[in-house]
Amino acid sequence: MSHDISLHAVNLSLECETVTASFLHSSRHLPPVCIVGLGLIGGSIIRDLTAAGHDAFGYTHSNAGTRAAQKDGFDVTNDLEAALQKAEAQQALIVIAVPMDAVATVLDAIAEHAPSCGITDVVSVKQPVYDLVLERGLEERYVGGHPMAGTEFSGWSASQEGLFQRAAWVVTYDYAESVDKVPQTWASLFADVCNLVAVTGAEAVPVSVKRHDEAVARVSHLPHVIAEALSVVGDRGGTLAQSLAAGSFKGATRVAGTDPSLVRNMCETNAESLVHIIDEFTELLADARSALSADAPSMKRLAENGHRAHTRMLARSGARRESVSPVKISSRPVMRLHPGAPGWVKQLRQIESLGGRVEVF
């Protein structure tokens, strides 16, 4: 399997060899950016963009959050209509950074007050968001996104510059797969979103919405379920268990400190994918329980399989952006392409199959 992937990466590299060295100096051109929702993720985006000298402004419904952001020197309002009208006047890229249960309302407001702006988002599920986009006929103006970064804290006060440094940031391309010819306006929007990702220090990963939701159920949403359950089990041990809890327990339960409403938004909106992954996980636990309850208790199978899986996952992380090759022959290839060029959507599919990163020029 790894041999096939390596060959695939080599072929992908050869396809890109005609690209000149100018891609190494991508301009990172961005239109003004309007961030709707300034919690941990949205707030961190506006901090990164402003620090990089890009024109960025935003909206938050929180009066306290608005005052705090303004005090910190950012262009922020709690008037959504005014923010979107400004976005329309400046032809800004709009980033939806609100919980899933508020996305429909924000999309309706965008359709009314910013009818020609490009749209992206940072919501942790993609199919439900895309369904709402399709219902409103906004798919030609939308490129989905999801930065794989965060902490257990929320709100403006939790936001920070540099949060996304070296993080994977999903960029969806389902619309390009659904049409015979991709409009240049959508290709340009895709490039804008990738450049937004690059300015924050993250790495753009092209992924279809369905594959995204299954993947994050495994590596993002299931950990929340486990952390909540493990916290309950630990708490039942009372003061003694608490006094003995060390790094492994604290690390495994860290995300249980996340606001429950945010956890519900993530897990409930991705329930279809998450249920199947929970079944897979509980089957492993059941096997471990059976082996440990035998006459000769054993953790051999799960311990060895888990160690091998962990080693593989570590090996897959690490292709470095400093490589001057269009594709780093490793677990995280980086491919530079020009949105709208012949064959570019096919290249996105290839990059997705490798879990690779994309840079635009």
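Let me begin with the chain as a whole: of its 361 residues, 45% count as buried, and I should say at once that what we are looking at is a predicted model. The secondary structure comes to 15 helices and ten strands. The accessible surface of the chain comes to about 18000 Å², and 55% of that surface belongs to carbon and sulfur atoms. If we take the contacts in the chain with a separation of 6 or more, then 69% of them are between residues that lie 24 or more positions apart.

Let me turn to the sheet, where we can ask in what order the five strands of the open sheet stand. The order is β3-β2-β1-β4-β5, and the pairing is parallel. At the edges stand β3, residues 76–77, and β5, residues 119–121, and each of these has a single partner strand, so one side of each is left without a neighbour in the sheet. For those of you new to sheets, strands pair through backbone hydrogen bonds, either parallel or antiparallel.

I would like to stay with strand β4, residues 93–96, for a moment. With β1, which covers residues 33–36, β4 pairs in the parallel sense over four bridges, and there Val33 stands opposite Leu93 in β4. With β5, strand β4 pairs in the parallel sense over three bridges; here the bridge partner of Val95 is Thr120 in β5, while Ile96 stands opposite Asp121. To get from β4 to β5 the chain passes through helix α5, residues 100–113, in a β-α-β crossover that is right-handed. Are the residues on the two faces of β4 buried or exposed? Leu93 and Val95 lie on one side, Ile94 and Ile96 lie on the other, and all of them are buried, which leaves both faces of the strand covered.

Just before β4, in the loop that follows α4, residues 80–90, we find Gln91. Gln91 has a phi near 55°, a positive value in a residue other than glycine, and at 42% relative accessibility Gln91 counts as partly exposed. A second case is Arg166, which has a positive phi of about 70° although it is not a glycine. Arg166 lies in the loop between β6, residues 145–147, and β7, residues 168–171, and with a relative accessible area of 28% Arg166 is partly exposed as well.

After β5, in the loop that leads to α6, residues 127–135, sits Ser124. Why does Ser124 count as buried? Its relative accessibility is 13%, and the cut-off for buried is under 20%. Leaving aside neighbours within four places in sequence, Ser124 is in contact with His146, His212, Val216, His221 and Met266.

Now to the interior. In soluble globular proteins, nonpolar side chains tend to be buried together. In this model the largest nonpolar core holds 78 residues, and the members that touch the most others are Ile35 and Ile45. The largest share of this core, ten residues, comes from helix α8, residues 184–199. Not counting residues up to four places away in sequence, Ile45 touches Ile35, Val95, Val122, Phe164, Trp169 and Leu196. There is also a second, separate core of seven residues, including Ala217, Val263, Cys267 and Leu274.

Let us look at the aromatic rings, for which a search of the whole structure finds seven aromatic pairs. One of these is formed by Trp186 and Trp344, at 6.1 Å centre to centre and with 40° between the planes, and it is classed as tilted. This pair links distant parts of the chain, since Trp186 is in helix α8 and Trp344 is in helix α15, 158 residues apart. Both are buried, Trp186 with a relative accessible area of 0% and Trp344 with one of 5%. Ring pairs link these two with Tyr175 and Phe190 into a cluster.

Helix α15 brings me to the last part of my talk. Strand β9, residues 334–337, and strand β10, residues 357–360, pair in the parallel sense over four bridges, and the bridge partner of Arg336 is Glu359 in β10. Between these strands the chain crosses through helix α15, residues 344–354, and this β-α-β crossover is right-handed. Which residues of β10 point one way, and which the other? Arg357 and Glu359 point one way, Val358 and Val360 point the other way, and all are buried.

Terms used
Residues are numbered from 1 along each chain as its sequence is written. This is a predicted model: local features need pLDDT of at least 70, side-chain atom pairs count only at pLDDT 80 or more; totals for chains, interfaces and linings use all residues. Side-chain values use heavy atoms; hydrogens and water are left out. A nonpolar core is a set of buried Ala, Val, Leu, Ile, Met, Phe, Trp, Tyr and Cys residues joined through side-chain atoms within 4.5 Å. Buried means under 20% relative accessible area, exposed over 50%, partly exposed in between (1.4 Å probe, protein chains only). Contact means heavy atoms within 4.5 Å. Two strands pair if DSSP finds at least two bridges between them. A crossover is right-handed if, with the strands pointing away from the viewer, the path from the first strand over the helix to the second runs clockwise. Accessible areas come from the Shrake-Rupley method with a 1.4 Å probe; for residues, only the protein chains shown count as cover. Rings of Phe, Tyr and Trp (its six-membered ring) pair if their centres lie within 6.5 Å; planes under 30 degrees apart count as stacked, over 60 as edge-to-face and the rest as tilted.
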